[in-house]
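Please open the model in your viewer and keep the sequence panel beside it, so that each selection can be followed in both. The tour moves from the whole chain to single residues and ends at a pocket.

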Amino acid sequence: MTTLTIQIPDSQIDVINTISNLIKDIGGHIDIENDDLSQKEFELLQESYKEALMVKDGLKKATPASELWND
């Protein structure tokens with residue numbers, strides 16, 4: 001299996017569709033990523049960054065990794 005990463009401007013939807021159809025026709029799989037963050041995602045990223053800085057400065061206690069995934 002070969003992985004190929006390409007970047008195509010969002011405005012070129014016809015080219016994206018053509019490439020998508022070619023890949024699907026030969027049995028391939030396509031994952032499409034969009035680098036744009038929603039407003040909510042951007043706010044969460046800012047909040048996480050502020051919290052990381054607080055932990056770094058000793059103003060907030062860090063959460064151990066073992067407590068992050070408490071099944």
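What follows is a series of selections, each with a short account of what is found there.

**The whole chain**

Begin with everything selected, and keep in mind that this is a predicted model. Coloured by secondary structure, the protein chain shows three helices and zero strands, and reading along the sequence gives the pattern α-α-α. The radius of gyration of the protein chain is 20 Å, well over the 11 Å that the globule rule gives for 71 residues, so the chain is more spread out than a compact globule. If you turn the C-alpha trace along its principal axes, you will find that it spans about 55 × 30 × 20 Å. With a surface displayed, the protein chain exposes about 7200 Å², of which carbon and sulfur atoms supply 53%, while 1% of the 71 residues count as buried.

**Helix 1**

Select residues 13-25 next, which form helix 1; at 1.5 Å a residue its 13 residues should span 18 Å, and the end C-alpha atoms are indeed 18 Å apart. Just after this helix, pick Gly27, where phi is positive at about 90°.

Within helix 1, two residues are worth labelling. Ser20 lies in this helix, and because its relative accessibility is 12%, under the 20% limit, Ser20 counts as buried. Ile19 is also found in helix 1, but at 29% relative accessibility Ile19 counts as partly exposed.

Now draw two C-alpha distances from these residues. Ile19 and Ile30 are eleven residues apart along the chain, and their C-alpha atoms are separated by 9.5 Å. Ser20 and Asp31 are likewise eleven residues apart in sequence, with 9.7 Å between them in space, C-alpha to C-alpha.

**Helix 2 and the loop after it**

Move on to residues 39-56, the 18 residues of helix 2, for which 1.5 Å a residue predicts a span of 26 Å; the end C-alpha atoms are 26 Å apart, which agrees. Helix 2 is followed by Gly58, and a look at its backbone shows a positive phi, near 80°.

Select Leu59, which lies in the loop between helix 2 and helix 3, the latter covering 65-68. Is Leu59 buried or exposed? Its relative accessibility is 64%, over the 50% cut-off, and Leu59 therefore counts as exposed. A distance drawn from Leu59 to Trp69, ten residues apart along the chain, gives 23 Å between their C-alpha atoms.

**The largest pocket**

For the last stop, which residues lie nearest the centre of the largest pocket? They are Leu4, Ile6, Ile30, Asp31 and Ile32, out of 23 residues that line this pocket. Select these five and show their side chains; Ile30 and Asp31 among them were the far ends of the two distances drawn from helix 1. The largest pocket has a volume of about 1000 Å³, and by class its lining comprises ten nonpolar, nine polar and four charged residues, so colouring the lining by these classes will display the mixture directly.

Notes: Residues are numbered from 1 along each chain as its sequence is written. This is a predicted model: local features need pLDDT of at least 70, side-chain atom pairs count only at pLDDT 80 or more; totals for chains, interfaces and linings use all residues. Side-chain values use heavy atoms; hydrogens and water are left out. On a 1 Å grid over the protein atoms alone, a cavity is a set of points where a 1.4 Å probe fits but cannot get out, and a pocket is an open set with protein on both sides within 12 Å along at least five of seven lines; lining residues have an atom within 4 Å of a point. Grid points are joined across faces, edges and corners, and a volume is the space filled by probe spheres set on the points. Helices (H or I, at least four residues) and strands (E, at least two) are DSSP runs, numbered from the N terminus. The expected span of a helix is 1.5 Å times one less than its number of residues. The radius of gyration is taken over C-alpha atoms; the globule rule is 2.2 Å times the number of residues to the power 0.38. Buried means under 20% relative accessible area, exposed over 50%, partly exposed in between (1.4 Å probe, protein chains only). Accessible areas come from the Shrake-Rupley method with a 1.4 Å probe; for residues, only the protein chains shown count as cover.
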